[in-house]
Amino acid sequence: MTERLGIAGLSRRFGGLVAVDAVDMEIVAGTVHGLIGPNGAGKTTLLNLVSGHLPASAGRIRLDGADITRWPAERRAAGGVCRTFQNLKLFRDMSALENVMIGLHGQTRCEIWQALLRTPAQRAEERAIVERARGALDAVGLANSLDLAAGTLPYGLQRLIEIARACVARPKLLLLDEPAAGLNGPERRRLVGLIRTLRADGMTIMLVEHHMDVVMATCDRITVLNYGKKLADGTPAEIRQHPEVIRAYLGAGVRPGSTPPGAPRAVVHAPA
Ligand SMILES: Nc1ncnc2c1ncn2[C@@H]1O[C@H](COP(=O)(O)OP(=O)(O)O)[C@@H](O)[C@H]1O
Ligand SMILES: [Mg+2]
């Protein structure tokens with residue numbers, strides 16, 4: 001059991017609000033680790049701390065044993081920490097393929113055009129990048145949509161493009177922030193298949209998600225946050241039965257197809 005990500009006493013304050021409060025967490029390499037909890041629990045803030053998009057107020061973050069707490073986001077990305085965002089960040093007018101190529105290049109369209117003006121060796125590299133981006137889109141089932149403008153595709157497919165972009169550089173740790181938000185049943189099942197495939201390929205994934213069908217079908221372990229604090233940590237079976245988690249988030253007597261009363265947002269669907 002090799003630790004990929006280690007979080008110790010991690011906190012983040014916004015003024016008087018402690019959004020992430022002294023959280024300890026370990027993610028084992030090669031596993032899918034769920035992060036769940038009510039809206040405002042601090043899940044996105046915790047992902048931002050891990051990706052380096054926000055600095056920590058206190059605590060430590062380790063990646064493969066190295067202390068990355070003070071590393072800027074770009075260095076963490078280069079070190080293999082890639083992510084998607086709760087709100088889509090695709091370039092709507094660029095093709096699906098170009099959007100995924102960005103995951104291998106830099107951050108701007110300009111760099112792609114510069115790349116096209118380079119030497120033969122660099123052009124060969126460019127072709128390799130195109131092939132890898134194609135492969136990543138193929139892996140999410142979008143081989144037929146390479147040249148379509150991302151913004152013209154259905155929302156569910158846009159989310160898959162975003163995941164392909166985050167995965168194309170073969171990250172050590174993939175951070176997914178609510179990838180199933182806005183997806184319908186078949187799209188969620190496709191997402192589950194994709195997460196399982198990435199795990200089978202050896203990727204380590206931290207998954208923030210409200211859709212319990214996706215969480216329960218993919219996660220090896222789950223950490224529950226509530227008001228910034230870790231409420232529970234365990235296997236899906238343990239978390240499902242955890243009295244405090246049921247009270248704070250999942251709700252008791254949940255009926256399939258309903259959002260349970262008293263649960264700010266756990267979404268429970270009828271079994272597929
Ligand atoms: N940039 C910010 N400035 C001030 N408060 C923030 C900021 N980001 C998040 N928060 C607050 O931190 C808490 C946790 O937010 P967030 O991490 O987005 O929760 P979750 O993703 O679990 O819904 C919320 O109360 C939110 O309003
Ligand atoms: Mg969030």
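Which element gives the most to the shell around ligand 1? This report follows that shell, then turns to a metal ion and a histidine. Please keep in mind that the model is predicted.

**The shell around ligand 1**

The answer to the opening question is helix H1, which gives 3 residues to the shell. Helix H1 spans residues 43–51, and strand S2, spanning 17–28, joins it in supplying at least two residues. If you would like to find the shell in the structure, look for Phe14, Leu17, Ala19, Pro38, Asn39, Gly40, Ala41, Gly42, Lys43, Thr44 and Thr45. By type, these residues divide into 5 nonpolar, 5 polar and 1 charged.

Some shell residues place a polar atom beside an oxygen atom of ligand 1. Here are three such pairs, with the kind of protein atom in each:

| Residue | Protein atom | Distance to an oxygen atom of ligand 1 |
|---|---|---|
| Alanine 41 | backbone N or O atom | 3.2 Å |
| Glycine 42 | polar backbone atom | 3.0 Å |
| Lysine 43 | polar side-chain atom | 2.7 Å |

How much of ligand 1 does the protein cover? On its own, ligand 1 has 550 Å² of accessible area, and the protein covers 59% of that.

**The magnesium ion**

Ligand 2 is a magnesium ion, and its protein donors are OG1 of Thr44 and OE1 of Gln86. These donors lie 2.1 to 2.4 Å from the ion. The two residues come from distant parts of the chain, 42 residues apart. Threonine 44 belongs to helix H1, while glutamine 86 sits in the loop between strand S6 (81–83) and helix H3 (96–101). Thr44 also appears in the shell around ligand 1.

Are these two donor residues buried, partly exposed or exposed? Threonine 44 has a relative accessible area of 25%, so it counts as partly exposed. Glutamine 86 is partly exposed too, because its relative accessibility is 29%.

**Histidine 33**

Now let us visit another part of the model. Histidine 33 is found in strand S3, which covers residues 32–36. With a relative accessible area of 2%, histidine 33 is buried, because buried means under 20%.

Which residues does histidine 33 touch? Leaving out residues up to four places away in sequence, its contacts are Met25, Glu26, Ile27, Ile205, Met206, Leu207, Cys219, Arg221, Ile222, Thr223 and Asp233. One of these, methionine 206, is 173 residues away in sequence, but its C-alpha is 4.9 Å from the C-alpha of histidine 33.

Methods. Residues are numbered from 1 along each chain as its sequence is written. Chains are lettered from A and ligands numbered from 1 in the order in which they are written. This is a predicted model: local features need pLDDT of at least 70, side-chain atom pairs count only at pLDDT 80 or more; totals for chains, interfaces and linings use all residues. Side-chain values use heavy atoms; hydrogens and water are left out. Helices (H or I, at least four residues) and strands (E, at least two) are DSSP runs, numbered from the N terminus. Buried means under 20% relative accessible area, exposed over 50%, partly exposed in between (1.4 Å probe, protein chains only). Contact means heavy atoms within 4.5 Å. A residue is near a molecule or strand if one of its heavy atoms lies within 4 Å of it. A polar contact is a pair of N or O atoms within 3.5 Å; within protein, one must be able to donate a hydrogen and the other to accept it, and residues adjacent in sequence count only if both atoms are side-chain atoms. Accessible areas come from the Shrake-Rupley method with a 1.4 Å probe; for residues, only the protein chains shown count as cover. Ala, Val, Leu, Ile, Met, Phe, Trp, Tyr, Cys and Pro count as nonpolar, Asp, Glu, Lys and Arg as charged, and the others, Gly among them, as polar. Donors are N, O and S atoms within 2.8 Å of the metal (3.2 Å for Na, K and Ca); water is not among the atoms, so sites may look incomplete.
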